[in-house]
Amino acid sequence: MPPKDLERLARIRETLRENQWDALILFHPDNIVMASGMLPGSTHVAAVVTADGHVLLITPWWREEFAQQESWADEIWTFDWCRGFNGVEPLGAMVERLRQSRERYRLETVGYDARMHHYSPSKLPSESFTYEEVKAKLPELFRSAADATDAVNELKSRKTRREVEKLRLAHRVAKAGVEAFYAHASQGIRETDLAAEVNYAVLKQDGHGGIRYTYCDPPQIASGAARTSIADTMSNHATEKRLQAGDLVMLEFGVQADGYWADITRTLVVGEPTDRHYRMHEAILAAQQSAIAAYRPGESTGDTLCHAAWETMRNHGFGDGITHFLGHGLGFAYHEAGPILGPGETGRIQAGHVTSVEPGLYFLENGVAQGGMRVEDNVVWGERPAQAEILSNFQRGLSWVGS
């Protein structure tokens, strides 16, 4: 059992006190990681955190041993779904365990994660939709069951010291994927094969440095002028296209280690970069540094940091290529609900927030794609002005320079 994250549990207790809830009931995997330290590893798992910081995990029986080893839960309650032929229906079993928790802990008013942030990898959120039936039963089980989604998202946005250390491990895993991208991105390789090399490098990190489980959302590889000119590379899945000399090649991928995420973009050139490539890259890296230099804890907004980066790219002569916001929250998910670094975003950026900083340039001239470039790093915003730890402080050049 890992030691409890007392900093995290204290914040949860404060949220419960402020909202006059007796407990939080959490269903979504990223929220369970926050509350218990454990990646669920299965569907039909819930966490209950009471006002005095007591943590209960409800899980199918086959996850009991893992829950004991990987979580700091004070209690683990199981149910016998899929054990022999007893016909246990898992959603009903979860409801029954929640009813028992009401009686055991005298719970009357609860908050729960009623909604899920929409912009996430394809794997985990779809599993979470199985809980809608359980959520619908909560008003019948408790005197009051409130939508705590916003409160939970606010809790997740500021990471604890322990969580930052976990994110450092996730970025060490991401570094292996980035190194594979640079090492294998050569003329003639297919985008799909390059993506496979990145994925393989991530999966090989299992069991190293205390990491139990790694996952790589399918790496997005976009090569050539047309595909890299699209700012939203979520549409740029790897294809059979082969890399050609002179191609810009962009990697966008999300990496998870034991439930903690990194979200990284790197761009390289097959062969020798042109002078324009170098100037674009210089402008992007300078934009990152301008955003960090502009940071004032508790004062800077997502809007001010975004415009600081944009102004730098304009000063480098690339204003026409700005079509993309600056960044988003992450850590318990590939993309979290906040904070957002973008135009019009008034939320204050605080110490402990973790966001991407991903300035990019994307060009079309007379309707013809000219290519694009982005460098996405992840930072922990600090206690002092202009202080930010760059978690992804590894290879970000236009060509491989070795490890």
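**View 1. The buried residues of helix H7 pack against helix H1 (6–19), E1, H2, E5, E6 and strand E13 (354–357)**. Welcome to a predicted model. Helix H7 covers residues 149–157, and its buried residues are Thr149, Val152, Leu155, Lys156 and Ser157. Two of these packing partners, H2 and E6, turn up again in the legends below.

**View 2. Helix H2 meets helix H7 at an angle of about 60 degrees**. The axes of H2 and H7 lie 11 Å apart. The two helices are therefore oblique to each other, and H2 passes H7 in a left-handed crossing. Which residues meet here? From H2 come Asp30, Asn31 and Met34, while H7 brings Val152, Leu155 and Lys156.

**View 3. Aspartate 30 and lysine 156 are joined through their side chains by a polar contact of 2.9 Å**. Aspartate 30 sits in helix H2, which spans residues 29–36. Is aspartate 30 buried or exposed? Its relative accessible area is 18%, so aspartate 30 is buried, the cut-off for that word being under 20%. Lysine 156, on the other side of the polar contact, is also listed among the buried residues of H7. If you set aside the neighbours within four places in sequence, aspartate 30 is in contact with Lys156, Phe332 and Ala333.

**View 4. Six strands make an open sheet in the order E4-E3-E2-E1-E5-E6**. The pairing in this sheet is mixed. Why do E4 and E6 each have one side without a neighbour in the sheet? Strand E4 (75–79) and strand E6 (144–147) stand at the edges and have a single partner strand each, so one side of each is left free of a neighbour in the sheet. On average, neighbouring strands here are turned by 20 degrees against each other, with direction ignored. Helix H4 (residues 90–105) packs on this sheet and touches strand E1 (23–26) as well as E2, E3 and E4. The direction of H4 makes about 145 degrees with that of E4.

**View 5. Strand E3 pairs antiparallel with E2** **and parallel with E4**. As a quick reminder, strands of a sheet pair through backbone hydrogen bonds, either parallel or antiparallel. Four bridges join E2 (residues 46–50) to E3 (residues 55–60), and one pair to look for is alanine 47 with its bridge partner in E3, leucine 57. The hairpin of E2 and E3 has four residues between the strands. In that hairpin, glycine 53 takes a positive phi near 85 degrees. Turning to the pairing with E4, five bridges join E3 to E4. Here threonine 59 has threonine 78 of E4 as its bridge partner. How many of the six residues of E3 are buried? Six of the six are, and E3 is mostly covered.

**View 6. Helices H8 and H9 cross at roughly 150 degrees**. H8 runs over residues 161–184 and H9 over residues 191–203, and their axes come within 8 Å. That crossing angle makes H8 roughly antiparallel to H9, a term that applies to angles over 145. H8 passes H9 in a right-handed crossing. To trace the contact, start on H8 with Val173, Ala176, Gly177, Ala180, Phe181 and His184. Then look across to Leu194, Glu197, Val198, Ala201 and Val202 of H9.

**View 7. Arginine 106 and alanine 386 have positive phi values**. Neither residue is a glycine. For arginine 106, phi is about 55 degrees. You will find arginine 106 in the loop between H4 and strand E5 (109–112), where a relative accessibility of 73% counts as exposed. For alanine 386, phi is near 65 degrees. Alanine 386 lies in the loop between strand E16 (377–381) and strand E17 (388–390). Its relative accessibility is 39%, so alanine 386 counts as partly exposed.

**View 8. A cis peptide bond joins glycine 338 and proline 339**. Omega of this bond is about -5 degrees. Where does proline 339 lie? Its place is in the loop between strand E11 (327–328) and strand E12 (340–341).

Key. Residues numbered from 1 in each chain as written. Predicted model: local features only at pLDDT ≥ 70, side-chain atom pairs only at ≥ 80, totals over all residues. Heavy atoms only, no water. Buried < 20%, exposed > 50% of the residue type's maximum accessible area, 1.4 Å probe, protein only. Polar contact = N/O pair within 3.5 Å; in protein donor to acceptor, adjacent residues only side chain to side chain. Contact = heavy atoms within 4.5 Å. Pairing = 2+ DSSP bridges. Axes fitted to C-alpha atoms, helices over the stretch in contact; angles between N-to-C directions. Parallel < 35°, antiparallel > 145°, perpendicular 65-115°, else oblique. Left-handed = near helix turned anticlockwise from the far one by under 90°.
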